[in-house]
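Please look through the structure shown here slowly, keeping the sequence beside it, and follow the charged side chains and the empty spaces in turn.

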Amino acid sequence: MSYRPTQRMRKTLLGGGAMVVLAGLNAPAALSFAESTYHAYKIDQPAYKARYGSWGTVRIPEEFRTNAVHAALLRTGKVLIVAGSGNDEEHFGAGTFDTVLWDPEAGTFKRIDTPEDFFCGGHAALPDGRLLIAGGTARYEVLDGEVRHAGGGMRVKNEDPDRPLTLRRGTVFRSPTGTAYVSRFDVTVPKAKRTFEVDRFRDGAMKPWRTKVTASEQRVFVEAVEEGPQAVTGRAAQYRIEGLTGRAADNAYGLAERITLDKQDFQGIRAAYEFDPVAEKYVPVAPMKDARWYPTLVGLDDGRVLAVSGLDDVGEILAGGNEIYDPKAKKWSEGPFRYFPTYPALFLTKGGKLFYPGANAGYGPADKGRVPGLWDPEKNTFTEVGGLADADELETAAALMLPPAQDQKVMVLGGGGVGESGKSTARTAVVDLTEDRPVFERGPDLPQGTRYLNSVLMPDDTVFTTGGSRDYRGRGASNVLKAQSYDPATGAFTAAAAPTVGRNYHSEALLLPDGRVATFGSDSLYGDRANTRLGRFEQRMEVYTPPALHRSGGARPVIGKGPETVTRGGSATYAVEGSGRIATARLMRPSAVTHTTDVEQRSIELGLRKTPGRVTVAVPEDPALVPPGWYMLFLTDTEGTPSVAKWVRVG
């Protein structure tokens with residue numbers, strides 16, 4: 001008798017056959033599913049994490065999700081995430097400006113009242129632990145073809161030496177031909193300057209001879225009341241200010257040379273604030289003289305802060321006017337005059353000089369201010385530094401001072417062509433600034449050409465790099481889902497676990513006090529390979545845990561009692577269990593990062609002496625090496641495992 005399968009067996013065979021047929025019809029999808037499942041399994045294995053590290057997503061309650069354009073680590077261990085209007089013109093129009101304070105240790109979030117649109121401003125740490133924030137957005141750009149009302153900069157003149165002139169937004173300026181233009185911002189013009197010329201008589205007496213008045217001026221952006229090309233002009237003219245009477249009408253007027261229908265760029269603000277990390281609020285200070293959008297703020301060796309570059313209040317890149325903030329007086333003064341493209345990377349080096357590696361994040365012509373060099377702000381001299389390959393691809397490059405800072409080596413990683421160029425480079429290069437005639441030397445290439453690469457100094461003297469994109473703002477689905485670590489001692493990269501969230505324009509990464517790396521933001525121009533679907537701002541956060549923290553099994557050095565304040569050239573002693581296993585001590589300055597530009601982070605090697613249960617660290621004396629402020633003290637053991645940082649203040 002022939003074999004006849006049971007009904008249950010027939011169903012099983014039929015089901016299995018159907019699965020085989022479906023698998024054959026959809027083999028690529030089945031293979032992809034199998035590969036992704038295996039990959040998820042593989043990266044979750046202890047051996048993998050001990051070699052490559054791991055990533056985890058931060059749970060953010062919906063009401064605290066924001067467009068992270070700026071991120072700064074505060075001395076409280078919390079991270080200030082600043083969006084401002086968040087590159088969202090609707091938020092800008094509504095005056096909806098956002099800041100979120102994240103506590104990584106507690107896993108909590110807090111919304112901070114934000115008084116100005118700090119979107120695309122600058123920031124730097126102050127000696128007392130406050131964060132200086134200056135500049136931001138006064139007006140969003142209007143692209144070519146979308147400008148309906150002719151606009152341009154109006155120079156408002158005041159010839160009255162006795163009183164300033166304040167004009168409110170909406171003030172009308174009338175041209176000699178009768179065309180009306182309205183101001184888009186409030187503007188205050190100082191009093192005119194009065195000087196006296198005198199005669200000297202034979203007996204030595206002085207007698208006033210003539211009074212001279214020099215008009216003061218401020219600029220304001222104006223637009224034609226009526227749409228169309230009839231309001232366009234390229235002729236210099238004097239404009240009458242409507243609504244003024246008496247002396248004000250006699251002494252005030254406007255001057256303009258070009259009012260066009262050309263693209264209107266973003267415009268900056270003059271506002272400056274200090275963020276108080278204890279009170280957790282913004283505190284207003286004196287505004288800058290110039291409005292700035294996309295400025296770099298860099299701390300100097302005496303605790304003051306230099307503000308460099310930016311687009312001004314009419315959307316033009318500043319010609320070279322820079323300013324210095326004094327945190328004691330809470331005021332700004334004129335700085336050395338030098339032109340840079342916007343968001344230039346500037347690193348404080350020995351002797352108080354600033355090194356510009358050519359890396360920048362934005363606006364400016366391709367043939368101006370792009371050459372690397374050493375800038376002496378005191379003498380205002382600039383010495384060019386050569387040897388850099390792909391020197392025309394430094395926009396959106398990453399740059400940092402390699403650890404330890406005593407070596408005075410600066411590294412450039414990746415970058416792309418100027419503007420919306422699709423060019424990107426895999427080049428890295430290192431320059432040793434201790435050489436008599438420093439030049440860049442080629443370093444190891446990145447896995448592929450990369451713009452917007454985030455690079456973070458680690459307590460073990462390596463550099464963790466992650467994310468970026470091959471094309472401008474991630475066009476063509478070009479985000480790079482890779483990470484790697486660079487070791488200055490070997491001059492080589494090693495692979496790290498790959499992030500799951502792409503990061504390009506408007507993204508940040510910074511070192512947390514527990515030795516992990518947090519990543520934020522990303523603002524892709526398009527959301528698909530064909531560039532047909534507009535991108536969305538990435539609001540997810542990921543945190544990278546380095547391999548050493550997995551290998552240690554939770555065991556790591558613990559810094560106990562010791563001083564909170566240390567002095568340059570002095571030493572400090574801390575209680576440490578298992579002090580004999582400590583290999584290095586580092587002071588690490590907390591990050592303030594935006595647009596891949598982080599000139600704040602630096603790692604300083606400390607002298608180390610070990611006794612049972614204690615370590616004594618020696619702080620370098622040079623203020624250009626250790627600027628005043630708050631630092632994270634990390635101790636790392638012989639296995640490369642760092643302690644949780646202890647916050648100390650260098651006075």
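In this predicted model, a good place to begin is the pair Arg589 and Glu600, whose side chains meet in a salt bridge with a distance of 3.4 Å from N to O. Arg589 belongs to strand S43, whereas Glu600 sits in the loop between strand S44 (592-594) and strand S45 (602-605), so the salt bridge ties together parts that are 11 residues apart in sequence. Both partners, Arg589 and Glu600, are buried. Salt bridges that share partners also join Asp128, Arg130, Glu274, Asp276 and Lys330 into one network. As general background, side chains of opposite charge can pair when their charged atoms come close. Across the whole structure, a search finds 38 salt bridges.

Another of these pairs is formed by the side chains of Asp461 and Arg586, which meet in a salt bridge at 2.7 Å from N to O. Asp461 lies in the loop between S34 and strand S35 (463-466), while Arg586 is part of strand S43 (residues 582-589), so this pair ties together parts that are 125 residues apart in sequence. Asp461 counts as buried at 16% relative accessibility, and Arg586 is likewise buried, with a relative accessible area of 5%.

How far apart are the closest N and O atoms in the salt bridge of Arg163 with Asp160? They are 3.7 Å apart. Here the two partners differ in their surroundings, because Arg163 is partly exposed, with a relative accessible area of 45%, whereas Asp160 is buried, with a relative accessible area of 3%.

Arg451, which lies in the loop between strand S33 (440-442) and strand S34 (454-457), offers a contrasting case. Arg451 is buried yet has no salt bridge, and the nearest side chain of opposite charge, that of Glu395, is 4.5 Å away; a salt bridge needs the nitrogen and the carboxyl oxygen to be within 4 Å. A polar atom of the Arg451 side chain does, however, lie 3.5 Å from the backbone oxygen of Gly419.

From the charged side chains we can turn to the empty spaces. Rolling a probe the size of a water molecule over the atoms shows where empty space is left. A search of the whole structure finds seven cavities of 30 Å³ or more, and the largest cavity has a volume of about 100 Å³. Its lining consists of 14 residues, of which Leu73, Arg75, Ala125, Gly129 and Pro590 lie nearest the centre of the cavity. By character, the lining of this largest cavity divides into 10 nonpolar, two polar and two charged residues.

Key:
Residues numbered from 1 in each chain as written. Predicted model: local features only at pLDDT ≥ 70, side-chain atom pairs only at ≥ 80, totals over all residues. Heavy atoms only, no water. Helix = DSSP H or I, 4+ residues; strand = E, 2+ residues; numbered from the N terminus. Buried < 20%, exposed > 50% of the residue type's maximum accessible area, 1.4 Å probe, protein only. Lys, Arg positive; Asp, Glu negative; His and termini not counted. Polar contact = N/O pair within 3.5 Å; in protein donor to acceptor, adjacent residues only side chain to side chain. 1 Å grid on protein atoms, 1.4 Å probe; cavity = no way out; pocket = protein on both sides within 12 Å on 5 of 7 lines; lining within 4 Å. Points joined across faces, edges and corners; volume = space filled by probe spheres on them. Nonpolar A, V, L, I, M, F, W, Y, C, P; charged D, E, K, R; others polar.
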